[in-house]
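Subject: Structure for you to look at

Hello,

Here is the structure I promised to pass on. Please open it and keep it beside this message as you read.

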Amino acid sequence: MEFLSKSRVSDQKFIQDIINLDTFNIAKLINEKYFNNINFNKFKEDIQSEEILEMLIFLLDGYLINKLKLNEKIELDDIKTKYIGWVKVLKISAYKEEFL
């Protein structure tokens with residue numbers, strides 16, 4: 001995992017070209033493939049589930065980049081804890097009141 005994280009923040013153009021991701025389309029594909037049984041009625045009318053997933057991807061990416069810049073070890077348990085916290089915050093923002 002550390003190799004992938006370091007590759008993501010590499011300043012070498014050819015590496016960046018390989019891993020430069022279109023996160024919105026990735027979020028959309030993940031939604032279509034893995035989250036097709038989500039109850040979208042829970043979401044507020046103006047919320048797109050792809051945007052929520054995109055935010056989670058950005059949060060994870062930023063977290064990993066920050067850990068690398070601080071030269072800190074990346075632990076899967078820490079990532080899981082952070083992810084659960086991010087999901088809780090985003091649910092408050094994205095879900096209708098009656099589903100909180």
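Below are notes on a pocket, a surface patch and one loop residue.

This is a predicted model, in which local features need pLDDT of at least 70 and side-chain atom pairs count only at pLDDT 80 or more, while totals for chains, interfaces and linings use all residues. Residues are numbered from 1 along each chain as its sequence is written, and side-chain values use heavy atoms, with hydrogens and water left out.

**The pocket**

The second largest pocket holds about 260 Å³ of space. A pocket here is an open set of points on a 1 Å grid over the protein atoms alone, where a 1.4 Å probe fits, with protein on both sides within 12 Å along at least five of seven lines; lining residues have an atom within 4 Å of a point. This pocket has 14 lining residues, and Ile-38, Phe-43, Ile-52, Leu-56 and Val-87 are the closest to its centre. By class, 11 are nonpolar, 2 polar and 1 charged. The largest share, 5 residues, comes from α5.

**The patch**

Tyr-34, Phe-35, Ile-38 and Phe-40 form a nonpolar surface patch with about 370 Å² of accessible area together. Patch members have over 30% relative accessible area and no salt bridge, and nonpolar side chains are joined within 5 Å. Tyr-34 sits in helix α3 (residues 23-34).

**The loop residue**

Gln-48 lies in the loop between α3 and α4. Gln-48 and Ala-94 are 46 residues apart in sequence, yet 8.7 Å apart in space, C-alpha to C-alpha.

Best wishes

Technical notes
Points joined across faces, edges and corners; volume = space filled by probe spheres on them. Helix = DSSP H or I, 4+ residues; strand = E, 2+ residues; numbered from the N terminus. Nonpolar A, V, L, I, M, F, W, Y, C, P; charged D, E, K, R; others polar. Patch = residues over 30% accessible without salt bridge, like charges linked within 9 Å, V, L, I, M, F, W, Y side chains within 5 Å. Areas by Shrake-Rupley, 256 points an atom, 1.4 Å probe, with all protein chains shown as cover. Salt bridge = Lys/Arg side-chain N within 4 Å of Asp/Glu carboxyl O.
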